[in-house]
2 protein chains.
Amino acid sequence: MTSTTAALPRVLERDPEATRANILDIATEEFAEKGFSGARVDDIAARTNTSKRMIYYYFGDKEGLFVAVIERAYAGIRHIEANLSLDHLGPEQALRTLVGFTFDYQNANESFIRLVMVENIHRGVHLARSGNIAELNVPAIATLRDIYRRGRAAGVFRDGIDEIDLHMTISALCFFNVANRATFSRIFQRDMESPQALARRREIVIDTILRYVKQ
Amino acid sequence: MTSTTAALPRVLERDPEATRANILDIATEEFAEKGFSGARVDDIAARTNTSKRMIYYYFGDKEGLFVAVIERAYAGIRHIEANLSLDHLGPEQALRTLVGFTFDYQNANESFIRLVMVENIHRGVHLARSGNIAELNVPAIATLRDIYRRGRAAGVFRDGIDEIDLHMTISALCFFNVANRATFSRIFQRDMESPQALARRREIVIDTILRYVKQ
DNA sequence: GCTATAACTAACCGTTTAGTACATAACCCG
DNA sequence: CGGGTTATGTACTAAACGGTTAGTTATAGC
């Protein structure tokens, strides 16, 4: 045993990008799990590979950290949605696929959904503080608009539907299954998480949307 | 001017029921506005006609207060839903009315919706602590089941729809308009609160449900 | 009217929490 | 290789927070 009288000269690996990302990863989990007020900066710091000091160094304060978490979470979907190509499918099949994808994505990314819930409890003030909110709507609506236009041209979709309304309906149906799982499944004593329950619900959501747009 | 050397003998009106109700009213607002962790017992106490000590006297701790708030909020809808009589209407008109009522009620009771969101962030643990959750589902589903049965008998509704699935769809569509208003309206730069916007959305929700159930 | 108890007040307390002061080591550029 | 800048660790603090202690007053039942 070497008796160390002084502290060992720790090998410090400096990697700002990794440090930032590490903090954001942990903070995302904590905020999603406990909300903005419920999350503890000390707890986040403890779970990172770095210290609380670094959180304040990079993000200023707790709110700045939360804004960064929200921004990154939204950037995540935007990125994925943008890469979803449905051009090779007929309009009906494309819409089915888009709705199914939305349903699957939201169910697979519970923490994103929970962050959106938390942000809505805060009336969207943090999202407002973030610069590029407007860009968020572009890909989702553009995809939907294209599918709808093709469907109308082919005579399979009816007239007079607004794409944002349609997107809202899709979002509402997919979102609920994750966001209100806890209370709904408790009150109605119904499983909403098993693969079977998800598959069942997924079909109903797709069916609901298609019955709404079809002639 | 009477120089009061001793404290004035305050006229104390003792009214336990009113005190309890007063605390619950204020606590409902605070929890709905700031969530469970964000709400402050001191702030709630300051806004009541009574003191912080009374909160602990009646509700034990902050969590006990929140459970009481949640229970009372759910009891509110249950009571109203139970008194909604739709028997005199034909099945299609009855369903239209039920969906419209749900939409209106949720939009008029934002704080209830927000409490449900908060409770879902907490994964429903407080609702679980409450005794009579099972009763909550009875009236809503019973009403829906009756309408659906009549509609099928009359040949206007199609076969094979589960009432709980249908209720979930109705809830999802109505809930979203209140719960996700902040983020959705910001991202898509669309008003979701004006009477016109509400009326428009209300029609879409009703239409969506009817297209889903009709032959 | 007396008394037990339910309803109530004010001041206080220990802990937790977001945020900081200060020191120092690694890195980059000349 | 030296010096300024970026990145990091340790230890601390003031305020906020949930909860409590100790006592007081109204009221109902005898």
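Student: How far is the sulfur of Cys174(A) from the closest cysteine sulfur?

Tutor: The distance is 16 Å, and the partner is Cys174(B), so the two are too far apart for a bond. Please note that this is a predicted model, in which local features need pLDDT of at least 70, side-chain atom pairs count only at pLDDT 80 or more, and totals for chains, interfaces and linings use all residues. Residues are numbered from 1 along each chain as its sequence is written, chains are lettered from A and ligands numbered from 1 in the order in which they are written, and side-chain values use heavy atoms, leaving out hydrogens and water.

Student: How many disulfides are found over all chains, then?

Tutor: The search of the whole structure finds 0. A disulfide here is a pair of cysteine sulfur atoms within 2.5 Å. In general, such a link is a covalent bond between the sulfur atoms of two cysteines.

Student: Is Cys174(A) buried or exposed?

Tutor: Cys174(A) is buried, with a relative accessible area of 0%, and Cys174(B) also counts as buried at 0%. Buried means under 20% relative accessible area, exposed means over 50%, and partly exposed is in between, with a 1.4 Å probe and protein chains only.

Student: What about confidence: what pLDDT does chain A average?

Tutor: Chain A averages 89, and 93% of the residues score at least 70. The pLDDT is the predictor's confidence in each residue, from 0 to 100.

Student: Where in chain A does pLDDT stay under 50?

Tutor: It does so over residues 1-12 of chain A, for which the model has 0 contacts beyond four places in sequence. Contact means heavy atoms within 4.5 Å.

Student: New topic. What turn lays chain A on chain B?

Tutor: A turn of 180° with a shift of 0.0 Å along the axis does so, with an RMSD of 0.0 Å. That is the relation of a two-fold axis. The same surface serves both copies, as 100% of the contact residues of chain A recur in chain B. The superposition is by least squares on the C-alpha atoms of residues with pLDDT of at least 70 in both copies.

Student: At roughly what angle do the axes of helix α1 of chain A and helix α1 of chain B cross?

Tutor: They cross at roughly 110° and come within 7 Å, each helix covering residues 16-38. That makes α1(A) roughly perpendicular to α1(B). Angles of 65 to 115 degrees count as roughly perpendicular, under 35 as roughly parallel, over 145 as roughly antiparallel and the rest as oblique.

Student: Which residues make the contact?

Tutor: Lys34(A), Ser37(A) and Gly38(A) of α1(A) meet Lys34(B), Ser37(B) and Gly38(B) of α1(B). Helices (H or I, at least four residues) and strands (E, at least two) are DSSP runs, numbered from the N terminus.

Student: Which residues does Glu163(B) touch?

Tutor: Glu163(B) touches Ile141(B), Leu144(B), Arg145(B) and Tyr148(B), not counting residues up to four places away in sequence. Glu163(B) is found in helix α9 (residues 163-179) of chain B and counts as buried at 14% relative accessibility.

Student: One last matter: what is phi of Gln189(A) near?

Tutor: It is near 45°, a positive value in a residue other than glycine. Most residues other than glycine have a negative phi. Gln189(A) sits in the loop between α10 (181-187) and α11 (195-213) of chain A and is exposed, with a relative accessible area of 61%.

Conventions. Axes fitted to C-alpha atoms, helices over the stretch in contact; angles between N-to-C directions.
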